[in-house]
Amino acid sequence: MPYIAIIVVIIFIFLIFLAVRQNRKMKTKAKLCAVEAAQFHEKLQQLSDPSHLFTDEELHRLKRKYEPLLRTVNELYDSPFISNEYLDSLGLGNFMDERKLVNHMQYQNNQNYQT
């Protein structure tokens with residue numbers, strides 16, 4: 001009987017170790033995504049400047065370029081090994097919001113476009 005308890009404790013410790021390791025891996029991935037999300041934000045700010053006509057081609061290019069980032073960030077938010085609050089603190093929630101609104105931002109920008 002005591003052997004079963006020891007085996008259960010060892011399995012439990014191993015599972016905790018795996019969870020901590022996965023969390024660290026996810027945090028590293030999230031930090032890399034945060035850098036790319038900041039680049040997306042900068043590019044979007046440039047494209048949505050009132051003195052710039054934000055073309056459909058630029059919009060499609062922007063979406064295509066950052067599609068892998070969007071997939072990765074969605075996977076991070078779906079993971080039980082990293083908290084959404086941590087991801088939000090890195091600005092990834094803002095990236096998701098901006099990415100959802102990019103078409104609307106293009107529309108608004110082009111309504112206010114000043115030559």
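In this predicted model, helix 2, which spans residues 56-78, and helix 4, which spans residues 92-100, have axes that come within 11 Å of each other and cross at roughly 130°. That angle makes helix 2 oblique to helix 4, and the crossing of the two is left-handed. On the side of helix 2 the contact is made by Lys63, Tyr66, Glu67, Leu69, Leu70, Val73, Asn74, Leu76 and Tyr77, and on the side of helix 4 by Leu92, Gly93, Phe95, Met96 and Arg99. Sorted by character, the residues of this contact divide into nine nonpolar, two polar and three charged.

One of the charged participants, Arg99, can be followed a little further. Arg99 has its place in helix 4, and with a relative accessibility of 13% it counts as buried, because the cut-off for that class is under 20%. Apart from neighbours within four places in sequence, Arg99 is in contact with Lys63, Glu67 and Leu70 and also with Phe40. Lys63, Glu67 and Leu70 are themselves among the helix 2 residues that make the contact with helix 4, whereas Phe40 lies in helix 1, residues 2-47.

Helix 1 also packs against helix 2. The axes of helix 1 and helix 2 come within 10 Å and cross at roughly 155°, which means that helix 1 is roughly antiparallel to helix 2, since angles over 145 degrees are given that description. The crossing of helix 1 and helix 2 is left-handed. From helix 1, the residues Met26, Lys29, Ala30, Cys33, Glu36, Ala37, Gln39, Phe40, Lys43, Leu44 and Leu47 meet Glu58, Leu62, Tyr66, Leu69, Thr72, Val73 and Leu76 of helix 2. The residues of this contact divide into twelve nonpolar, two polar and four charged. Tyr66, Leu69, Val73 and Leu76 of helix 2 take part in the contact with helix 1 and are also listed in the contact with helix 4.

The aromatic side chains offer another way to follow how these helices are connected. The count of aromatic pairs comes to two. In one of them, the rings of Phe40 and Tyr66 have centres 5.1 Å apart and planes at 75°, so the pair is edge-to-face. Because Phe40 belongs to helix 1 and Tyr66 to helix 2, this pair ties together parts that are 26 residues apart in sequence, and both Phe40 and Tyr66 are buried. Phe40 also pairs with Phe95, again edge-to-face, with 5.1 Å from centre to centre and 85° between the planes. Here the link runs between Phe40 in helix 1 and Phe95 in helix 4, distant parts of the chain that are 55 residues apart, and Phe95 is buried, as is Phe40. Through these ring pairs, Phe40, Tyr66 and Phe95 are linked into a cluster.

A last residue to examine is Leu90, whose place is in the loop between helix 3, residues 84-89, and helix 4. Leu90 has a relative accessible area of 25% and is therefore partly exposed. Leaving aside neighbours within four places in sequence, Leu90 is in contact with Ala30, Lys31 and Ala34. The C-alpha atom of Leu90 is separated by 8.8 Å from that of Cys33, although the two residues are 57 residues apart along the chain. Both Ala30 and Cys33 are also among the helix 1 residues that meet helix 2.

Methods: Residues numbered from 1 in each chain as written. Predicted model: local features only at pLDDT ≥ 70, side-chain atom pairs only at ≥ 80, totals over all residues. Heavy atoms only, no water. Axes fitted to C-alpha atoms, helices over the stretch in contact; angles between N-to-C directions. Helix = DSSP H or I, 4+ residues; strand = E, 2+ residues; numbered from the N terminus. Parallel < 35°, antiparallel > 145°, perpendicular 65-115°, else oblique. Left-handed = near helix turned anticlockwise from the far one by under 90°. Contact = heavy atoms within 4.5 Å. Nonpolar A, V, L, I, M, F, W, Y, C, P; charged D, E, K, R; others polar. Phe/Tyr/Trp six-rings, centres within 6.5 Å; stacked < 30°, edge-to-face > 60°. Buried < 20%, exposed > 50% of the residue type's maximum accessible area, 1.4 Å probe, protein only.
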